[in-house]
Amino acid sequence: MPGASKEERSVKAAQKGLEQNGVPTRQLISHNWLWPSLVRTREIGIAVAGFLLFVLFTIFSHGQFLSLRNWTVIATSAAELGIVSVGVALLMIGGDFDLSVGANFGFSGVIMALMIAHGYPGVLALLACLAIGAGIGLVNGLVTIVFSIPSFITTLGTWLLFTGINLIIQGGETISILKYSNVLHILGGSLYGDFTWGAVWWLFTALIIGILLHRTAFGNWVFAIGGNKMAAREAGVPVTYARIMNFVICGITASLAGAITLGNLQSMQVGYGSTYQLESIAASVVGGCALTGGVGSILGAVIGTVILSMLDSGLLLSGASPYWYEALVGVIVILAVAMHTKIGHFGRGREEV
Amino acid sequence: MSEDNVVLRTEKISKRFGSLVALEDVSLDLRGGEITALIGDNGAGKSTFVKIISGVYRPSEGHIYFEGRKVVLRSAAEARRLGIETVHQDLGLVNSMSIARNFFLGLEVSNGPFLDIRRMESETFRMLSEIGLVNIRNIGQDVSRLSGGERQAISIGRALAFQKRMLILDEPTSALSVKETEKVFEYIRAAKQKGLAIVVVMHNLAQVRAIADRFVVFWHGKKTADTYNKGQSEAELSEAVLYGTPL
């Protein structure tokens, strides 16, 4: 076997030896190395559910749902929640939560808007915004780990804390940016017609974090920490470092989404993003992330966000009251978790969601 | 390699918890290619001893030599780094992850910044087939789909793959069927063939007789017997465990 490495040769030799003893080995090595098989099953399940929703809305909206314009709106409006959800999914897979993403989004966005309004350069304002996001993430991580508090509680606290600080600073008023800024345009302005840069940033963030989670040693640690923290520690995984990094990354994605919203709307207000903490968890769960950690994927979080966004525009185009949105998100979350649990039972004989 | 193939030597190890003496003056040589069974009733000191040689506890007195060098095991992680692998009853595996990803957890193989999953899978497969675990359908499947015996195989295979010198197995067969126990014994013997010093802690004396090369009996914190397996009966072993009689 010219060109074959030493390991490959020894694997071939081992396979040959086993086959001579009557053991079939053809399927032993899957080479399905992009995703573990179960993750793929989950994603296919939720993609099928999304497709059914797509067909339903297409019928009820007399085809309007199918239009390019509608999908442009979906991609644009989903981008901000999508970016938040990517960070939240990473954190959830590692076994932690962040309820402060909505407050982080508003707080870092308001600071960025204030800086631009006061004449600071856009790039500096953006860097400050992302640094604030990372800082809030770091605080969440340190408090959670140093005091051994469940992250759900820590971030419930920081959610209220930063919403409060934000109200004190800004008093609930809207900050509008009246002059053109290149940085704001590239963050959330129009790329082509109604299609905005936000969707590009969403794709980019998902790709980077997806590679980090699924194709690097760090990602392996995240899955292990979420799946069995003791085992991860015993195996020598730097658990504390990886958890803090997850909080920081999640904080950065939340503030990036805030910056993109500012770019898109040219204005910012404390209350923007205030529904994202629960919607991002909903999107991640719909996409197959287990609340108990250790299970899920970034692709799933993206599909989950698309489904929530489809609901939003689908209801509108079907002529239904948009008030149905929240009720239907609730139903879909429950159905999705039930489906993932069933797939879990089918695939591995135990509950994981 | 040190004299007589001794991998780990303890010299007059004692452990006290307040006024309680859990272990007293235990000197023991653990050799490569040998399966040593630690037997004794609950509270006899064998768990304390295992915790000391795996770095969980530090002895109150006495010394530990690893491959001829005096060492202080400050933590389980330090013992692992030296080459002492402990397989606990809970096995330390992550159910929701694939066999290969578990196998290489904490020691991932990367190609540049990215995981080399192909190589991790082929190496895992090679090591598992070397210890005789041959009927795993797919190396990419989750660990939760495996039987208890197969899970033991992964833990044992992991010790082999990373060139560990010593393998400590805490009750490796307590949750297994008879057939699976036999398979796990095969894996343990394969690890022995590779020259590892193996320590097993087991309650089931019939199983101990089947797997051990050497019996070390603990009784009230002391080592009361240390002898090779010469086919001693279960009754003799049981008497040594209960009354501290020599074997």
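The following exercises, each with a worked solution, concern a predicted model.

**Exercise 1. Composition of chain A**

Task: State how many helices and strands chain A has, and what percentage of its residues count as buried.

Solution. Step 1: Chain A contains 14 helices and four strands. Step 2: Chain A has 353 residues, of which 49% count as buried. Step 3: Among the contacts in chain A with a separation of 6 or more, 76% are accounted for by residues 24 or more positions apart.

**Exercise 2. A residue of helix 2**

Task: Decide whether Leu52(A) is buried or exposed.

Solution. Step 1: Leu52(A) is located in helix 2 of chain A, which covers residues 37-60. Step 2: Around Leu52(A) there are 10 other C-beta atoms within 10 Å. Step 3: A residue counts as exposed if that number is 12 or fewer. Leu52(A) is therefore exposed. Step 4: As for distances, Leu52(A) and Ala128(A) are 76 residues apart in sequence, and their C-alpha atoms are 43 Å apart in space.

**Exercise 3. Two packed helices**

Task: Describe how helix 5 and helix 6 of chain A pack, and classify the angle between them.

Solution. Step 1: The description of two packed helices rests on the angle between their axes and the distance between the axes. Step 2: Helix 5 (residues 122-146) and helix 6 (residues 151-170) of chain A pack at an angle of about 140 degrees, and their axes are 9 Å apart. Step 3: Because of this angle, helix 5 of chain A is oblique to helix 6 of chain A. Step 4: The crossing of helix 5 of chain A past helix 6 of chain A is right-handed. Step 5: Helix 5 of chain A contributes Ile136(A), Val139(A), Asn140(A), Val143(A) and Thr144(A) to the contact, where they meet Ser151(A), Thr154(A), Thr155(A), Thr158(A) and Phe162(A) of helix 6 of chain A. Step 6: Sorted by class, this contact has four nonpolar residues, six polar residues and no charged residues.

**Exercise 4. An open sheet in chain B**

Task: Give the strand order of the open sheet of four strands in chain B, and explain why one side of strand 2 and of strand 5 is left without a neighbour in the sheet.

Solution. Step 1: The order of this open sheet in chain B is 2-1-4-5, and the pairing is antiparallel. Step 2: Strand 2 (20-31) and strand 5 (69-71) of chain B are at the edges and each has a single partner strand, so one side of each lacks a neighbour in the sheet. Step 3: From one strand to the next, the twist averages 25 degrees. Step 4: Strand 4 (residues 61-66) and strand 5 of chain B are joined in the antiparallel sense by three bridges, and Phe66(B) is opposite Arg69(B) in strand 5. Step 5: Helix 1 (residues 46-53) of chain B packs on the sheet and touches strand 1 (6-17), strand 2 and strand 4 of chain B. The direction of helix 1 makes about 120 degrees with that of strand 1 of chain B.

**Exercise 5. A buried strand**

Task: Explain why strand 10 of chain B is described as largely enclosed, and name strands that pair with strand 10.

Solution. Step 1: Strand 10 of chain B comprises residues 197-201, and five of the five are buried, so the strand is largely enclosed by the rest of the structure. Step 2: On one side are Ala197(B), Val199(B) and Val201(B), and on the other are Ile198(B) and Val200(B); both faces are covered. Step 3: Strand 3 (residues 34-39) of chain B runs parallel to strand 10 of chain B, with five bridges between them. Strand 9 of chain B is also parallel to strand 10 of chain B and is joined by five bridges. Step 4: Val200(B) is the bridge partner of Ala37(B), and Leu169(B) also stands opposite Val200(B).

Methods
Residues are numbered from 1 along each chain as its sequence is written. Chains are lettered from A and ligands numbered from 1 in the order in which they are written. This is a predicted model: local features need pLDDT of at least 70, side-chain atom pairs count only at pLDDT 80 or more; totals for chains, interfaces and linings use all residues. Axes are lines fitted to C-alpha atoms, for helices over the stretch in contact, and angles run from 0 to 180 degrees between N-to-C directions. Angles under 35 degrees count as roughly parallel, over 145 as roughly antiparallel, 65 to 115 as roughly perpendicular and the rest as oblique. A crossing is left-handed if the near helix is turned anticlockwise from the far one by less than a right angle, and right-handed if clockwise. Two residues are in contact if their C-beta atoms, placed from the backbone, lie within 7 Å. Ala, Val, Leu, Ile, Met, Phe, Trp, Tyr, Cys and Pro count as nonpolar, Asp, Glu, Lys and Arg as charged, and the others, Gly among them, as polar. A residue is buried if 20 or more other C-beta atoms lie within 10 Å of its own, exposed if 12 or fewer, and partly exposed in between; C-beta atoms are placed from the backbone. Two strands pair if DSSP finds at least two bridges between them.
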